[in-house]
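Here's a quick walk through one protein model, with an eye on how its helices meet and what sits in its core. Have a look at the structure first.

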Amino acid sequence: MNNLVKMLFVAVNKQTGIVVFAETNLKAFVEGCKSKIGLIQSVSYYRVKFKEQEVLYHTDNFGRQFILQKVK
């Protein structure tokens with residue numbers, strides 16, 4: 001991984017395995033996911049969740065499942 005990138009946030013469609021969105025900044029990641037994935041929570045919600053665990057599972061309002069992951 002690039003030494004200048006400290007963290008990377010990635011959203012992956014669980015059914016297809018395709019990366020839907022990736023970003024190095026949490027706020028930009030959440031805002032970008034909101035445009036592509038339904039029912040995304042606030043930045044503060046994900047800040048707390050990503051401190052607790054590196055992988056989160058999310059189901060949007062259409063029943064699609066996503067893996068939201070923090071990569072260090």
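Is the crossing of H1 and H2 left-handed or right-handed? The crossing of H1 and H2 is right-handed; that label applies if the near helix is turned clockwise from the far one by less than a right angle, and anticlockwise would be left-handed.

## Ground rules

This is a predicted model, where local features need pLDDT of at least 70, side-chain atom pairs count only at pLDDT 80 or more, and totals for chains, interfaces and linings use all residues. Residues are numbered from 1 along each chain as its sequence is written, and side-chain values use heavy atoms, leaving out hydrogens and water.

## The helix pair

H1 covers residues 26-36 and H2 covers 43-52; they pack at about 120 degrees, axes 10 Å apart. Helices here are DSSP runs (H or I, at least four residues), and strands are E runs of at least two. H1 and H2 are therefore oblique to each other (not under 35, over 145 or 65 to 115 degrees).

On the H1 side, the contact (heavy atoms within 4.5 Å) uses Leu26, Lys27, Phe29, Val30 and Glu31, while H2 brings Val43, Tyr46, Arg47 and Phe50.

## The core

The largest nonpolar core (buried nonpolar residues joined through side-chain atoms within 4.5 Å, buried being under 20% relative accessible area with a 1.4 Å probe) has 15 residues. Leu26, Phe29, Tyr46, Phe50 and Leu68 touch the most other members. H1 gives the largest share, four residues.

Leaving aside neighbours within four places in sequence, Tyr46 is in contact with Leu26, Val30, Ile40, Gln41, Leu56, His58 and Leu68.

Methods:
Axes are lines fitted to C-alpha atoms, for helices over the stretch in contact, and angles run from 0 to 180 degrees between N-to-C directions. Buried means under 20% relative accessible area, exposed over 50%, partly exposed in between (1.4 Å probe, protein chains only).
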